[in-house]
Amino acid sequence: MDLPNVINCWSSPRTVSTSLMYSWAQRPDVQELVYVKHMAKQRLGIGRALLHQTKHFLLVREPLAVIRSFSEVCEPTLHETCYPALCELYSELRCLGRPPPVVLSDDLVKDPEGTLSALCAALGLPFEPAMLRWEPGPKPFDGVWAPWWYSNTHKATGKLGLGFERPVQRPRGPLPPHLRPLLEECWPLWEILRRHALRPQSAGVSRVPHPPPPPLLAAAAEAKPAGAAAVGATTAAALANLPSLVDEDRGQQTGQEQQGAAGAAVEQEEKSHGTHSYAPDPRNEDILIGMRDGVTGTFSLVWRPHAKVSVLESGFMLGDGVWEGMRLHQGVLLFARQHMERLFEGAKAIDLNIGLSPSQMLQLVYDTVDGNGMADASNVHIRLMVTRGLKPTPYQNPNITIGLPTVVCIPEYKQAAAGPKMDSAPLLLLSRAGPSEEWGQVVQEDGIRLFTCHVRRGSADVQDPSWNSHSKLNCIAACIQANKAGADEALMLDPHGFVATCNSVNFFIVRKGEVWAPTTKYQLHGITRQNTINLCLANGIPVRELDFTLTKAYSADEAFVTGTFGGQTPVREVDGRAIGDGQRGPVVARLQQLYRELCNQEAARGRDLLE
């Protein structure tokens with residue numbers, strides 16, 4: 001006979017399973033229910049008959065977080081993570097015709113009411129608001145292991161007694177090398193379970209929730225021609241079963257091979273040059289990349305080695321999309337409003353419906369950095385990319401795109417590399433807790449070399465140069481020519497022969513104390529560029545936007561470039577001609593100081609969520 005009032009929670013470790021148990025204990029009908037909390041690896045004496053008679057759900061968390069958390073107490077193993085047991089249990093219940101609901105612990109923390117509502121509905125029970133609150137401290141139904149594992153849960157009640165509260169994300173160091181093979185083993189099993197996760201049901205939640213199990217393209221089929229939808233469904237089904245694009249032999253590399261690869265990467269970084277040279281940081285090997293799948297609507301944090309898109313994705317095939325480079329300083333995205341305005345302006349220009357508001361997009365970025373323990377970090381560079389989405393076949397017409405655009409957010413610890421272009425003195429940074437010293441944005445001091453290339457910036461009726469688009473071959477061709485000439489960056493002219501911009505940064509010169517900026521007709525409307533002009537206007541530094549020739553650049557007293565990564569970087573040489581005395585000049589030095597102060601002020605205001 002069925003035992004409908006017995007509910008089994010099967011989980012891996014470190015998944016807020018204890019908080020969930022406390023939540024169920026608050027229900028007014030608790031006397032009529034039997035709630036059992038299991039570790040999936042400890043399934044003993046529960047055969048198929050009992051599985052069939054009771055209700056079940058699975059509670060899972062992404063394995064990088066599980067392994068990190070578990071290793072703080074004892075050494076994790078594949079068995080201890082419970083992923084094999086959870087997959088086996090899901091498969092067995094599916095074969096019995098009772099596939100269990102899957103709950104993601106991150107959803108439970110971010111949206112407890114929506115996630116619990118979805119779970120209760122899946123189990124055929126009403127949601128009870130009492131499930132959201134309980135008193136702090138130990139409970140009589142805690143297990144004997146509570147002193148070792150439940151201390152944080154006993155403390156947490158949140159504001160106004162809210163039981164599920166978002167934990168403070170601590171800064172993350174690199175994952176110990178001996179745990180990386182375990183993470184490789186766990187990740188594919190986690191992906192199998194994640195694909196079946198419930199959608200949170202709260203109204204007004206800005207995050208894009210998780211999809212139901214396949215078929216995934218029912219909504220797309222209603223909006224597309226029948227033929228395109230059919231091809232798309234076939235494509236999506238095939239893509240779901242594709243092997244990982246990550247080298248399957250990676251986990252089998254010898255230690256010597258891994259060290260060799262790491263050494264080659266470091267050597268390559270040390271040899272790199274240009275306006276975006278940065279110091280390698282081992283923490284970047286294990287970052288979680290935020291990805292919104294446009295077909296399913298799922299937003300997930302994906303371990304870097306497994307972050308991938310389809311070969312039929314518009315950005316991969318066609319360079320069809322827009323992007324932003326952003327800086328995180330003291331946990332705050334600098335000039336977030338301006339970045340979102342430019343991103344959405346470009347998207348509208350190419351008729352790209354992102355399917356998110358600017359506020360929702362910004363929250364997605366913050367979810368990504370917070371999920372990486374960067375909540376208070378500086379020196380984090382973020383690449384936010386929005387591409388047209390999945391195609392059923394290689395073809396450029398946007399009308400056949402399946403679903404919404406793909407969104408990818410890559411946060412990396414990225415500080416300019418030590419070398420002749422910077423001064424490594426610590427900066428005085430103003431935090432919300434007061435002044436403090438940290439190794440912040442380096443001061444670009446010695447300067448870079450530019451080479452004027454033959455590749456010109458085009459006019460707006462060819463491809464609008466104000467678009468921050470994925471189609472960058474024009475700039476890449478210029479960069480290649482600069483590389484061949486041994487320069488750090490290419491200086492590009494407009495169709496009339498006037499100085500326009502560089503291949504990845506904006507260009508300025510200083511003549512007799514006056515700052516000159518090329519007009520915006522043939523260049524990206526840089527946010528750091530505009531902030532620099534605003535600083536000049538606000539601080540009595542004469543500034544003009546005008547057309548000027550290379551002759552004026554060669555004879556300038558100072559020159560510099562601006563960008564999100566480097567701020568203001570001096571230029572010491574253009575086409576072999578020294579600029580001024582070949583050193584950073586006083587105007588550039590003052591603008592660098594003013595810009596650092598502006599960044600500190602922006603961070604001190606806190607996070608602007610555009611609401």
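Here are some worked exercises on the structure above.

The model is predicted, so local features are taken at pLDDT of at least 70 and side-chain atom pairs at pLDDT 80 or more, while totals for chains, interfaces and linings use all residues. Residues are numbered from 1 along each chain as its sequence is written, and side-chain values use heavy atoms, with hydrogens and water left out.

**Exercise 1. The nonpolar core**

Find the residues with the most contacts inside the largest nonpolar core, and the helix that gives the largest share of this core.

Step 1. Start with the meaning of a core: a set of buried Ala, Val, Leu, Ile, Met, Phe, Trp, Tyr and Cys residues joined through side-chain atoms within 4.5 Å. Buried means under 20% relative accessible area, exposed over 50%, and partly exposed in between, with a 1.4 Å probe and protein chains only.

Step 2. The largest core holds 91 residues, and Leu328, Leu333, Met361, Ile382, Leu384, Val515 and Leu591 have the most contacts inside it. Helix α20 (residues 586–604) supplies the largest share, eight residues. Helices here are DSSP runs (H or I, at least four residues), strands are E runs of at least two, and both are numbered from the N terminus.

Step 3. Now look around leucine 591. Setting aside residues up to four places away in sequence, leucine 591 touches Val515, Thr532, Leu535, Cys536, Ile541, Phe560 and Gln568. Contact means heavy atoms within 4.5 Å.

Step 4. As background, nonpolar side chains tend to be buried together in soluble globular proteins.

**Exercise 2. A covered helix**

How many residues of helix α7 are buried, and what covers them?

Step 1. Helix α7 spans residues 112–122, and eight of its 11 residues are buried.

Step 2. Those eight are Pro112, Gly114, Thr115, Leu116, Ser117, Ala118, Leu119 and Cys120.

Step 3. Their cover includes α1 (17–25), β3 (55–60), β4 (102–104) and α6 (105–110).

Step 4. After the helix, look for glycine 124, which has a positive phi near 75 degrees.

**Exercise 3. A nonpolar patch on the surface**

Which residues join Phe316 in a nonpolar surface patch?

Step 1. Patches are made of residues with over 30% relative accessible area and no salt bridge; like charges are joined within 9 Å and nonpolar side chains (Val, Leu, Ile, Met, Phe, Trp, Tyr) within 5 Å.

Step 2. Val309 and Val311 are the partners, and the patch has about 280 Å² of accessible area together. Such areas come from the Shrake-Rupley method with a 1.4 Å probe, and for residues only the protein chains shown count as cover.

Step 3. Phenylalanine 316 sits in helix α14 (residues 314–318) and is exposed, at 57% relative accessible area.

**Exercise 4. Salt bridges across the sequence**

For three salt bridges, say which parts of the chain each pair ties together.

Step 1. A salt bridge is a side-chain nitrogen of Lys or Arg within 4 Å of a carboxyl oxygen of Asp or Glu. The structure has 17 of them.

Step 2. Glutamate 80 pairs with lysine 41, their closest N and O atoms being 2.1 Å apart. Glutamate 80 is in helix α4 (residues 78–81) and lysine 41 in the loop between β2 (34–39) and α2 (48–53), so the pair ties together parts 39 residues apart in sequence. Glutamate 80 is partly exposed at 22%, and lysine 41 is partly exposed at 22%.

Step 3. Aspartate 286 pairs with arginine 180, with closest N and O atoms 2.2 Å apart. The aspartate lies in the loop between α13 (255–271) and β5 (288–292), and arginine 180 in helix α10 (residues 180–194), so parts 106 residues apart in sequence are tied together. Both residues are buried.

Step 4. Arginine 529 meets glutamate 545 at 2.7 Å, N to O. Arginine 529 belongs to helix α18 (residues 527–538) and glutamate 545 to strand β20 (residues 543–545), so this pair ties together parts 16 residues apart in sequence. Arginine 529 is buried, at 2% relative accessible area, whereas glutamate 545 is partly exposed at 44%.

**Exercise 5. Positive phi outside glycine**

Where do arginine 14 and aspartate 351 lie?

Step 1. Arginine 14, with a positive phi near 60 degrees, is in the loop between β1 (6–11) and α1. Arginine 14 is partly exposed, at 24%.

Step 2. Aspartate 351, with a positive phi of about 60 degrees, is in the loop between α15 (336–349) and α16 (358–371). Aspartate 351 is exposed, at 66%.
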